[in-house]
Amino acid sequence: MASIHCFFRYPVQLNTSTSTSTSTSTSTSRVPVSSFSFNCLRCSRSSSSSSVDAHAAANKNVGDDVFSVTSSSEYDVDYLGESTKGDFNLNFDRLQPVGIDGEAALDGPIEEVARMEAQEAEHLLNDFGIPSPSSARNSPRGIFCSRTLNLRSISAIGYDMDYTLMHYNVMAWEGRAYDYCMVNLRNMGFPVEGLAFDPDLVIRGLVIDKEKGNLVKADRFGYVKRAMHGTTMLSNRAVSEMYGRELVDLRKESRWEFLNTLFSVSEAVAYMQMVNRLDEGAIGPELGPLDYKGLYKAVGKALFRAHVEGQLKSEIMSKPELFVEPDPELPLALLDQKEAGKKLLLITNSDYHYTDKMMQHSFNRFLPNDMGWRDLFNMVIVSARKPEFFQMSHPLYEVVTGEGLMRPCFKARTGGLYSGGSAQMIENSLNIHGDEILYVGDHIYTDVSQSKVHLRWRTALICRELEEEYNALINSRGQRARLVELINQKEVVGDLFNQLRLSLQRRNRGRPAQTLAATNMDDQELTESMQKLLVVMQRLDQKIAPMLESDGELFNKRWGFLSRAGLWDKSHLMRQIEKYADIYTSRVSNFLHYTPFMYFRSQEQTLAHDSYSYYCSERNDGSVSGVIDN
């Protein structure tokens, strides 16, 4: 491998995404790879924040004579439509005194130069133990891109807290929410004896049909593919008869309720179990005439009281270790972003006391000495009242004491802690607007959809279940391949059967068949051939049907995969993610496997008329060319 040198600014961070990373190989400030210890990449995390600032200040001018950064007033738009703000540029006029010839560094066709440099970069990444962006993408903890996003052009990153910056143990958190809901339902007079929390009953992305008491899974077009009434799954025929002529339309909020987040699990489980009780006639007349819609309101009211009365959050605050799954990498990912110049924002609907307690528990112990969670954020907004936070203005209050005492405030400032307000207030305060801001949250509507629709912020969705689904898909590849093979076999057999059926139809009408061979078949040969093919297809159906039914059961036995509806189609949830989330991933700490300068590029979107292979063609000399599978 040819000799390559790299230099690193403090804190050490390998940046493979900028186009200039390989053009500095002969800089006078370089450290040879052979003398570079990879331990440097994270050793700075154990130093105090004051030493971090001092070290950074001492080295703030390193490379200033070689590089410049594209400012917000001088940016352009690249060939993928992304802003170039934040990109590194080489100052070639300043390279001459140290003997660097910018043109000489690019001798030869750029295709050849780029190929060699890419190979060198891949070797270096392997030597350092750092996964390349492409390999990181092909893992359960990859960051997946729906719409191209240049992180270098992002000036501020806002974060939700619950199920975003901290992940709850679903069985513990939602289980306790369910318990409090059941207590409130019992106090309201509902029969809840014998019921228990079953988190496998539902998954994110399902839709409650409040008119019929059903829980349904729809594909990207809104067609219902699976349905459950109460806790009983409906047959394919029942689903077809019930929903064959209507689509799930999330705009009709009076009927459809989309399970946007893991917070929806406890409510959906309680509701479907109470549907059973209503069908059984166990709900007494003293509660009034209840239909499925009224029952949903009752369950929602019981769960709302569990949150509002504060018992649930008080219990969690008293023993956060029982409810929160720690992620030591998460604060370090945010620290990288902050040190890269991003302004970090915390925007949560939780109140101040709960936010402070949970963030201290989840962050402080993993940060360098003397740093607290507040030191990471340029601004903190609690009790934000999302989604209204993105839609309209509310009064702004500054939290001025550790006890949560607040005073009215008319303008936010950097470093402040506030309650209420609006997204426009943040934009005006930071002088950062629209697509310069990336917002990261777990709620497809409250966090992702509304920030994009109303403000054109860039968006990232956190979906923890992606890790389990990714692994389930990997483990299902063998069965899915066998299933596809059977379906392809049936298609070929079916094509022949249909041709013979058409030949029979034409023969009965006194017309010639499509081909001479079919016309020359006698009646017995034609019918026997059709009988044999029909038996083969029927036996294939008997094999295929249960395999299709069980597809995805490694993720969830009732509903299959989170992102799919059927063998090939996308689920309604996946359509929402693609529409509103520019990138999506399982947890915020996955950013640590990339860099704050990453250029996320969306993949090619295939269409029904795309060609997936090129067929062989024989040349005059008999050789074969053009063989490739995409």
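This talk covers one helix and several salt bridges in a predicted model.

Good morning. I shall begin with helix α18, which runs over residues 523–550. How far apart should the ends of this helix be? The helix has 28 residues, and at 1.5 Å a residue the expected span is 40 Å. In the model the end C-alpha atoms lie 41 Å apart, which agrees with that expectation.

Let us look next at the two ends. At the N-terminal end, Asp 522 acts as a cap. One of its side-chain oxygens is 3.3 Å from the backbone nitrogen of Gln 524. Just beyond the other end of α18, Gly 552 adopts a positive phi of about 95°.

Which residues of α18 are buried? They are Leu 526, Met 530, Leu 533, Met 537, Leu 540, Ile 544, Met 547 and Ser 550. These buried residues pack against another helix, α16, which covers residues 477–508.

The two helices are also linked by a pair of charged side chains. Asp 541 and Lys 490 form a salt bridge, with 2.6 Å from N to O. Asp 541 belongs to α18 and Lys 490 to α16, so that this pair, 51 residues apart, links distant parts of the chain. Are these partners buried or exposed? Asp 541 has a relative accessibility of 33% and therefore counts as partly exposed. Lys 490, at 27%, also falls into the partly exposed class.

I turn now to salt bridges elsewhere in the model. How many does a search of the whole structure find? The search finds 34.

One of them joins Glu 388 to Arg 385, where the closest N and O atoms are 3.5 Å apart. Glu 388 counts as partly exposed because its relative accessibility is 28%. Arg 385, at 46%, counts as partly exposed as well.

Another salt bridge joins Lys 452 to Asp 582, with 3.2 Å between the closest N and O atoms. Here too, distant parts of the chain are linked, the two residues being 130 residues apart. Lys 452 sits in helix α14, residues 444–455, while Asp 582 sits in the loop between α19 (572–580) and β22 (583–585). Both Lys 452 and Asp 582 are buried.

Finally, Lys 452 and Asp 582 are members of a network. Through salt bridges that share partners, they are joined with Glu 82, Arg 147 and Arg 458.

Thank you for your attention.

Terms used. Residues are numbered from 1 along each chain as its sequence is written. This is a predicted model: local features need pLDDT of at least 70, side-chain atom pairs count only at pLDDT 80 or more; totals for chains, interfaces and linings use all residues. Side-chain values use heavy atoms; hydrogens and water are left out. Helices (H or I, at least four residues) and strands (E, at least two) are DSSP runs, numbered from the N terminus. The expected span of a helix is 1.5 Å times one less than its number of residues. Buried means under 20% relative accessible area, exposed over 50%, partly exposed in between (1.4 Å probe, protein chains only). Contact means heavy atoms within 4.5 Å. A polar contact is a pair of N or O atoms within 3.5 Å; within protein, one must be able to donate a hydrogen and the other to accept it, and residues adjacent in sequence count only if both atoms are side-chain atoms. A salt bridge is a side-chain nitrogen of Lys or Arg within 4 Å of a carboxyl oxygen of Asp or Glu.
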